[in-house]
Amino acid sequence: MTGFVTAVEGDAAVVRLPGHADAEQVRLWCDLELGNTTLDRLDAGWEVRLTDLPVDRLEYLLDVDGAMQTDPTHDRTVGGPFGDHSWLPLPAYAEPGWLAADRVAAEQAGVVFEDTPVGDVEVTVWAPADADGDEPLPMLLCHDGPEMAAYGGLLDWASSGIAADRLPRMRVGLLAPGSRNERYAANPAYAAALVDHVVPGLRAACPTDHRPVLAGQSLGAVAALHAAWTSPGTFAGLLLQSGSFFTPELDPQESDFEYWDEVTGFVASLLAATTAAPSAPVVAMTCGSAEENHANNLQLRDHLAATGMTVTWGEVRQGHTWTCWRDSLDPSLTDLLRKVWG
């Protein structure tokens, strides 16, 4: 049937799958609570009409009798560590303008910090191609760095921002996660590796006149705040995106997470604090408004501000995705770097 394709119709996202007459069930899968997302069987295939969506950009897969696939009716896909997903823009959604902007030429080099308290830590250092090795440049560090570059557009954002003079010339250190959950779950050994080995080593190899800024997403945001909180003065600023700042009251559904006690214990210590260190970093927090983490991020935002920290907030109508973090880089991280680096 011509025209039997996924589309936005009025206030509804209508997801369709042609054919598949032999399928027993087709369901839309996404990392959001959307109620019943089972497609109805029609003569031409399968269809579900979704209204009152909590996002402006729907990222999803189709579950056909237990087999996941992208939507074959259009070519909008987005990559991720677990493969491509289809995505559908709702009327209010617009991709960041910097995605299509000019960019500076750049170079990358890898370095490994050996024998840290958590073993080897791998970092890829990105810099403008015309940067002299002795040129002092501020450095932005990012947890899950290779993934944030590949799926979250971090280097494209930096490159286009420098080209447009919206951002200072900088280096970007992409921190490979390694044993991610173990390292990032408020682990003192990882904080020591970062603060005592990686940061001094990078500062020795890459001249700078500024304290670094550290970014993290999800559990990586927990690790970023933990390192900064336990070693005040190390970082000038933090970008905390959709942090997994779990509490038993707000996040009981996460209680099976293997490092639940470590994360909730650290968050409890933050919420019990009444003052922050005088040298505490400036913090920019972002979150998708449709995320489960939205409530715990709001709670932590308000509490950090109450301790005297400078905290800004940004949110987009998205879920817990790399695209959410990409779309939140500007203005949140842009403004943070201008504030702390001048």
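Analyst: A quick definition to start: a helix here is a DSSP run of H or I with at least four residues, and a strand is a run of E with at least two, numbered from the N terminus. The model is a predicted one.

User: What makes 180–184 a helix, α3, and 57–64 a strand, β6, in the lining of the largest pocket?

Analyst: Residues 180–184 satisfy the minimum of at least four for a helix, and 57–64 satisfy the minimum of at least two for a strand. Along with α8 (322–327), each of them supplies at least two residues of that lining. The most comes from α8, with three residues.

User: What makes a residue part of the lining of the largest pocket, and which ones lie nearest its centre?

Analyst: A lining residue has an atom within 4 Å of a point of the pocket. For the largest pocket that gives 40 residues, with Asp31, Ser218, His320, Thr321 and Trp325 nearest the centre. The volume is about 1,200 Å³, and the lining splits into 14 nonpolar, 15 polar and 11 charged residues.

User: Why is the space lined by Met139 and Leu141, among others, called a cavity and not a pocket?

Analyst: A 1.4 Å probe fits in a cavity but cannot get out, whereas a pocket is open, so a space lined this way is a cavity when the probe is trapped. The search turned up one cavity of 30 Å³ or more, and its volume is about 60 Å³. Its lining also includes Val199, Leu202 and Arg203. α4 gives the most, with three residues, while β12 (139–142) supplies at least two.

User: How do you know which class Cys206 and Arg203 fall into in that lining?

Analyst: Cys counts as nonpolar and Arg as charged, so Cys206 is nonpolar and Arg203 is charged. The whole cavity lining has six nonpolar, two polar and one charged residues.

User: What makes Gly145, Met148 and Gly152 of α1 "buried"?

Analyst: Buried means under 20% relative accessible area, and Gly145, Met148 and Gly152 in α1 (145–152) are in that class. They lie on the same side of α1 because they cover an arc of only 75 degrees around the axis. As a rule, residues three or four places apart in an α-helix point the same way, because there are 3.6 residues a turn. Right after α1 comes Gly153, with a positive phi near 65 degrees.

User: What makes up the lining of the second largest pocket, by class?

Analyst: Eight nonpolar, two polar and three charged residues. Among those nearest the centre are Glu107 and Arg171; Glu and Arg both count as charged. The pocket holds about 200 Å³ of space, and β10 (106–116) and β11 (119–128) each supply at least two lining residues.

How values were computed. Residues numbered from 1 in each chain as written. Predicted model: local features only at pLDDT ≥ 70, side-chain atom pairs only at ≥ 80, totals over all residues. Heavy atoms only, no water. 1 Å grid on protein atoms, 1.4 Å probe; cavity = no way out; pocket = protein on both sides within 12 Å on 5 of 7 lines; lining within 4 Å. Points joined across faces, edges and corners; volume = space filled by probe spheres on them. Buried < 20%, exposed > 50% of the residue type's maximum accessible area, 1.4 Å probe, protein only. Arc of directions from axis to C-beta.
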